[in-house]
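Here is a quick walk through a structure, written for someone who likes to have the viewer open while reading. Load it up and follow along.

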Amino acid sequence: MALSDPSVNLEAWQAGNEFGNLRFGLGARVQCRIGEDPVTGWAAGSIVKLMYREENWPPDVVAPYQIQLDDERLIFAPHDIDQVIRAEQ
């Protein structure tokens, strides 16, 4: 299966090995799920950090990406799966 196949990343996430192969690199243009609506709940932005952490998180918690949205907000993607973050369309 290709790395871009969402089932590969979903299976890796379910197995606890999600961060072995990140799909996006720094500067990649992506869309992030920020709302409940599966059609309109997406916002475009760029990857600004890989393996993102916040100081107050437990030591074993990491997010695969930090994203700067086009509206200047900084968010993170908690999982590297198409339901959370996808290539810009």
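## A covered strand

S3 is mostly covered, with 6 of its 7 residues buried. Keep in mind that this is a predicted model. Over the chain as a whole, 31% of the 89 residues count as buried.

S3 spans residues 63-69 and pairs with S2 in the antiparallel sense, over 6 bridges. On its other pairing, S3 meets S4, again in the antiparallel sense, this time over 4 bridges.

## The overall layout

What is the chain built from? There is 1 helix, plus 5 strands. Read from the N terminus, the elements go α-β-β-β-β-β.

The 5 strands make up an open sheet, and its order is S4-S3-S2-S1-S5, with antiparallel pairing. Which strands sit at the edges? Strand S4 (74-77) and strand S5 (85-87) do, since each one pairs on one side only. On average, neighbouring strands of this sheet are turned by 45 degrees against each other, if you ignore direction.

## Walking across the sheet

Start with the pairing of S2 and S3. Serine 46 stands opposite glutamine 68 in S3, and leucine 50 stands opposite tyrosine 65, also in S3. A step further along the order, glutamine 66 has phenylalanine 76 in S4 as its bridge partner.

Now go the other way. Strand S1 (residues 29-33) pairs with S2 over 5 bridges in the antiparallel sense, and glutamine 31 stands opposite alanine 44 in S2. S1 is also joined to S5 by 3 bridges, and these two strands run antiparallel. If you want a residue pair to click on there, try cysteine 32, whose bridge partner in S5 is isoleucine 85.

As background for looking at any of these pairings, side chains in a regular strand alternate between the two faces of the sheet.

## Aromatic company

How many aromatic pairs does a search of the whole structure find? The count is 4. In one of them, the rings of tyrosine 52 and tryptophan 57 have centres 5.6 Å apart and planes at 90 degrees, so the pair is edge-to-face. The cut-off behind that label is a plane angle over 60 degrees.

Both of these residues are tucked under cover by the numbers: tyrosine 52 counts as buried because its relative accessibility is 11%, and tryptophan 57 is buried too, at a relative accessible area of 15%. For both calls, the threshold is under 20%. Tyr52 and Trp57 also join Phe76 in one aromatic cluster. Phe76 has already turned up above, as the bridge partner of glutamine 66.

## A nonpolar patch on the surface

Which residues make the nonpolar surface patch? Leu26, Leu50 and Met51 do, and the patch comes to about 260 Å². Leucine 50 has its place in strand S2 (residues 42-52), and methionine 51 lies in strand S2 as well.

Are these two residues buried, exposed or partly exposed? Leucine 50 is partly exposed, because its relative accessible area is 32%. Methionine 51 gets the label partly exposed as well, because its relative accessible area is 35%. Partly exposed covers the range between the 20% limit for buried and the 50% limit for exposed.

## Two positive phi values

Most residues other than glycine have a negative phi. So where are the positive values worth checking? One is at methionine 51, with a phi near 55 degrees. That puts the positive value inside strand S2, at a residue that also belongs to the nonpolar patch.

Another is glutamate 72, where phi is near 85 degrees, again positive in a residue other than glycine. Glutamate 72 has its place in the loop between S3 and S4. That loop belongs to the hairpin of S3 and S4, which has 4 residues between the strands. Is glutamate 72 buried or exposed? It counts as exposed, because its relative accessibility is 57%, and the cut-off for that label is over 50%.

Technical notes: Residues numbered from 1 in each chain as written. Predicted model: local features only at pLDDT ≥ 70, side-chain atom pairs only at ≥ 80, totals over all residues. Heavy atoms only, no water. Patch = residues over 30% accessible without salt bridge, like charges linked within 9 Å, V, L, I, M, F, W, Y side chains within 5 Å. Areas by Shrake-Rupley, 256 points an atom, 1.4 Å probe, with all protein chains shown as cover. Salt bridge = Lys/Arg side-chain N within 4 Å of Asp/Glu carboxyl O. Buried < 20%, exposed > 50% of the residue type's maximum accessible area, 1.4 Å probe, protein only. Pairing = 2+ DSSP bridges. Axes fitted to C-alpha atoms, helices over the stretch in contact; angles between N-to-C directions. Phe/Tyr/Trp six-rings, centres within 6.5 Å; stacked < 30°, edge-to-face > 60°.
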